[in-house]
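Work through the exercises below with the model open. Try each task before reading its solution.

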Amino acid sequence: MVTASTLYAIAQQPPTPTRVRGTVEGVDGDTLSVKSRSGEDVRLHMTGNMVVLGLTRIALSEIKVGSFIGTTTVPGPDGVPKAIEVHVFPENMRGTGEGSRPYDLKPNSSMTNATVAESVVGNDGHTLRVKYKDGEKTVLVSPDTPVVTYVSADKSELKAGAKIIAFMKKLPDGSLETDRVSVGRDGLTPPM
């Protein structure tokens, strides 16, 4: 009975976040201090092989058939997923996280990383049909949906005030570590 209740308690704990979205408060050696969007102070150990990528705005028209994109969607009123952000991967990142899965940006959101198979401009926005290894999805991208792409960046851009999304993992001692951070350029808050 004790084992069952312990397992139940563990199962009821919220999952450990795998990313933090927020504003850099400072860097001290290999420690990145972030104020999360929800107000928590988060300290991340930056690994020696950490990758820093910049994010910059682009026009929706730059998404072409064959582009490899990621998009966070929520269910639309008509059943068609509505994009709340789209990020275009550079060619050297093609295949990153390919597929569709639940995501933590908003309630009921999902993340789909896939290749654009068809792009149609309509009265309500842009409809993209994307294909990934296990399926396909049609996504509506409205004119006000943020569209970004990745550009080269380095650790020097992680300074106080920079808006970031850091991918992290919890270490056995309870501390948090990151090996990948995306930082917004020109005041951009990473939309994903």
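**Exercise 1. Place Thr-73 in its sheet.**

Find the residue that stands opposite Thr-73 in strand 7.

Solution. This is a predicted model. Thr-73 faces Ser-110 across the pairing with strand 7. Start from the strand that holds Thr-73: strand 4, residues 68-75. Strand 4 pairs with strand 7 in the antiparallel sense, over six bridges. Strand 4 also pairs with strand 5 (residues 81-88), again antiparallel, over seven bridges. Pro-75 has Pro-81 as its bridge partner in strand 5. The hairpin of strands 4 and 5 has five residues between the strands, and Gly-79 there takes a positive phi near 90 degrees.

**Exercise 2. Judge the burial of Thr-73.**

Decide whether Thr-73 is buried or exposed, then list its contacts outside the local sequence.

Solution. First, take the relative accessible area of Thr-73, which is 2%. The cut-off for buried is under 20%. Thr-73 is therefore buried. Next, leave aside neighbours within four places in sequence. The contacts are then Pro-81, Lys-82, Ala-83, Ile-84, Asn-108, Ser-109, Ser-110, Lys-137 and Val-139. Finally, widen the view to strand 4. Seven of its eight residues are buried, so the strand is largely enclosed by the rest of the structure.

**Exercise 3. Analyse the salt bridge of Arg-21.**

Identify the partner of Arg-21 in the salt bridge with closest N and O atoms 2.7 Å apart, and say where each residue sits.

Solution. The partner is Asp-104. The cut-off for a salt bridge is 4 Å, and the closest N and O atoms of this pair are 2.7 Å apart. Now locate the ends. Arg-21 lies in strand 1, while Asp-104 lies in the loop between strand 6 and strand 7. The two are 83 residues apart, so the pair links distant parts of the chain. Then compare accessibility. Arg-21 is buried at 11%; Asp-104 is partly exposed at 37%.

**Exercise 4. Extend the salt-bridge survey.**

State how many salt bridges the model has, and describe two others with their accessibility.

Solution. The count is eight. Take Glu-91 and Arg-94: their closest N and O atoms are 2.7 Å apart. Glu-91 is exposed at 57%, and Arg-94 is partly exposed at 35%. Now take Lys-169 and Glu-177, whose side chains meet at 3.8 Å, N to O. Lys-169 is partly exposed at 48%, whereas Glu-177 is buried at 17%. Last, look for shared partners. Arg-19, Arg-21 and Asp-104 are joined into one network.

**Exercise 5. Describe the two largest pockets.**

Give the volume of the largest pocket and the second largest pocket, then characterise each lining.

Solution. Begin with the largest pocket, at about 280 Å³. It has 13 lining residues, and those closest to its centre are Arg-19, Val-20, Arg-21, Ser-36 and Ser-38. Strand 1 (residues 19-28) supplies the largest share of the lining, three residues. Sort the lining by class: six nonpolar, two polar and five charged.

Move to the second largest pocket, at about 220 Å³. Of its 16 lining residues, His-87, Arg-101, Asn-113, Phe-167 and Arg-180 are the closest to its centre. Strand 6 (99-102), strand 7 (110-122) and strand 12 (176-184) each give at least two lining residues. By class, this lining has eight nonpolar, five polar and three charged residues.

Terms used. Residues numbered from 1 in each chain as written. Predicted model: local features only at pLDDT ≥ 70, side-chain atom pairs only at ≥ 80, totals over all residues. Heavy atoms only, no water. Helix = DSSP H or I, 4+ residues; strand = E, 2+ residues; numbered from the N terminus. Buried < 20%, exposed > 50% of the residue type's maximum accessible area, 1.4 Å probe, protein only. Contact = heavy atoms within 4.5 Å. 1 Å grid on protein atoms, 1.4 Å probe; cavity = no way out; pocket = protein on both sides within 12 Å on 5 of 7 lines; lining within 4 Å. Points joined across faces, edges and corners; volume = space filled by probe spheres on them. Nonpolar A, V, L, I, M, F, W, Y, C, P; charged D, E, K, R; others polar. Pairing = 2+ DSSP bridges.
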